[in-house]
Amino acid sequence: MGAISRRMVLGWAAIGLGGIVTGVASCGTGQPTPSGSPLVTAPTGNAPSGNPPTAQLAEPPVLRSENGLLEVAMTAVAGATKLAGRTVRAAGYDGRVPGPTLRVRPGDRMVITLRNALAETTNLHTHGLLVSPQGNGDNPFVEIEPGESFTYEIALPDDHPPGVFWYHPHHHGMVADQVFAGLFGAIVVEDADEIPVTRERVLVISDVTITGGGGGGGGAGAVASAGPADRMMGREGETVLVNGQVRPVLNARPGERERWRVVNACVSRFLDLRLSGQDLTLLGLDSGRVPSPSRVDAVVLAPGNRADLLVETRAGTSLLEAEPVDRGAPMGMMRGARPVASVVTLAELVVDGAVAGALDRVPTAPAPLDLSATPVARTREITLGIGMGPRMGVGMMSFTIDGKEFDPDRTDLAVPLGDVEEWTLVNSSPMDHPFHLHVWPMQVIRIGSQQQSEPTWRDVVNVPAGQGTVVRVAFDRHPGRTVYHCHILDHEDLGMMGVIEVA
Ligand SMILES: [Cu+2]
């Protein structure tokens, strides 16, 4: 891509903590875009003005490990970026949305040098990987200042589960803005036993609102800022993208078997995915494989969740759609009072031509670990809450865990290495909060009153408004200090995050 616009860089510099994503309006005055853009109530036909003609799905470049090592140099940069078929002032790793797909195997080492060409602090989180949070590992406390570089070393254990994971910035206070601006990419951990498929696709789903530049004026447009109300609800972009594209087309022949690695990289939007007319099998959700892969009609991904899917193709044209999800309303509004978006079409799958030959059957996966009958060292109750608070800039609301806003210098939970714990996650607020624990996956015991019938492992689990979710966690390795938080990234930035230390 070309040089970064100087105005853009200044725009980023001017925003500071809790600021806006891109500070330059298309009229070229250099004035920041006013905050409070109506993201939540905007129409959502997923066809923004200037919608480009339908295009084939493009995939991010793939960087693959060799001889157990994946060495990557990436730059987080803001400036003119190809997004939604247009040139937009956005951000991206190496100027792309999404960033490159990193493909590794269990036991591999990733050495990732991230250069920060933004005008604000950033860092990197490898979401879902079961790796050390210490030092230059998956450490959310690292701060990479503008102009600086930092080299991460991420060592995957030999028994790391396969699946699709992702990376994104995790610098508190700026996570939602930076992800919304385009900083995210997929990580695939390959299977020990290869699954025979015709082809594999990575589908990173994100949402964005683009202001300015439409209507043939020739302006570049910019990623919209989020106002206080958007942050409280958790911003949802007007346009939902797959690999940075609006409604791309996928082509296949009948009788093929495709493997889709789907990432929900939206800041706040839940995705209730449908692909009518096709046979969809869920292989895994977050990490690992489900105990018995089975046909599904829908897959619901909270922000941060990923799905590993098989699509067995039938002739015809099918739409990949996201049904609206009611995730509650902020304080003072009744559930259901918030305008809920209509169905969004994400992509179109066109299946025609000669029928493909049959493939070998899908190998069975080993039975997953089950902690449901394991004695636990202790139980804890962890409460996600929204309260009245004096916090500046978000009205009167505070977003807390156990009544406290995030403080990186305070350790909220201390866990002895080797213990298994049971946590009851309580949501005392009228909005859903998808709970994410770094490093150690959670076995979901129940969500609300819904008991899990078979071992279900997640790294993001929803805690429905006014209800509780029970999980069990084995802190069997990877000692260190890291975080747990709401994965509505605006809520995390507003304080709904705590610190855990395992030693
Ligand atoms: Cu939340």
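Two strands pair when DSSP finds at least two bridges between them. Keep that in mind as you look through these views of a predicted model.

**Figure 1. Overview of the predicted protein chain.** The chain has 503 residues, and 49% of them are buried. Its secondary structure comes to 4 helices and 34 strands. Take the contacts between residues at least 6 apart in sequence: 77% of these join residues at least 24 apart.

**Figure 2. How confident is the predictor, and where does the pLDDT fall below 50?** The mean pLDDT of the chain is 87, and 84% of the residues reach 70 or more. Over residues 1-45, however, the pLDDT is below 50, although the model gives this stretch 101 contacts beyond near neighbours in sequence. Residues 47-51 also stay under 50, and here the model has 9 contacts beyond four places in sequence. Where pLDDT is low, the predicted coordinates should not be read in detail.

**Figure 3. An open sheet with S1 and S6 at its edges.** Here 5 strands follow the order S1-S4-S9-S8-S6, with mixed pairing. Strand S1 (62-64) and strand S6 (125-127) are the edge strands, and each pairs on one side only. From one strand to the next, the twist averages 25 degrees. Start with S1 and S4, which are parallel and share 3 bridges; leucine 63 stands opposite leucine 102 in S4. Then move on to strand S4 (residues 101-104) and strand S9 (residues 185-189), a parallel pair that also has 3 bridges. In that pair, valine 104 has valine 189 in S9 as its bridge partner.

**Figure 4. A second open sheet, with S25 and S31 at its edges.** This sheet has 5 strands in the order S25-S34-S33-S27-S31, and its pairing is mixed. Why is one side of S25 and of S31 left without a neighbour in the sheet? Strand S25 (413-415) and strand S31 (460-463) stand at the edges with a single partner strand each, so one side of each has no neighbouring strand in the sheet. Neighbouring strands are turned by 25 degrees against each other on average, direction ignored. Look for strand S33 (residues 480-486) and strand S34 (residues 497-502): they run antiparallel and are joined by 6 bridges. Across this pair, arginine 481 stands opposite glutamate 501 in S34.

**Figure 5. Strand S19 and its two faces.** In a regular strand the side chains alternate between the two faces of the sheet. Which side chains of strand S19 (residues 298-301) are buried? Val299 and Leu301 are, and they point to one face, while Ala298 and Val300 point to the other and are not buried. Strand S16 (residues 271-275) runs antiparallel to S19, and 4 bridges join the two. One position to find is aspartate 272, whose bridge partner in S19 is valine 300.

**Figure 6. Inside the largest nonpolar core.** In soluble globular proteins, nonpolar side chains tend to be buried together. The largest nonpolar core of this model has 119 residues, and those with the most contacts inside it are Val179, Ile205 and Val223. Which strand gives the most to this core? Strand S2 (residues 69-83) does, with 6 residues. Now zoom in on valine 179: leaving aside residues up to four places away in sequence, valine 179 touches His168, Pro169, Phe184, Ala265, Val267 and Leu489.

Definitions and conventions: Residues are numbered from 1 along each chain as its sequence is written. This is a predicted model: local features need pLDDT of at least 70, side-chain atom pairs count only at pLDDT 80 or more; totals for chains, interfaces and linings use all residues. A residue is buried if 20 or more other C-beta atoms lie within 10 Å of its own, exposed if 12 or fewer, and partly exposed in between; C-beta atoms are placed from the backbone. Axes are lines fitted to C-alpha atoms, for helices over the stretch in contact, and angles run from 0 to 180 degrees between N-to-C directions. A nonpolar core is a set of buried Ala, Val, Leu, Ile, Met, Phe, Trp, Tyr and Cys residues joined through C-beta atoms within 7 Å. Two residues are in contact if their C-beta atoms, placed from the backbone, lie within 7 Å. pLDDT is the predictor's confidence in each residue, from 0 to 100.
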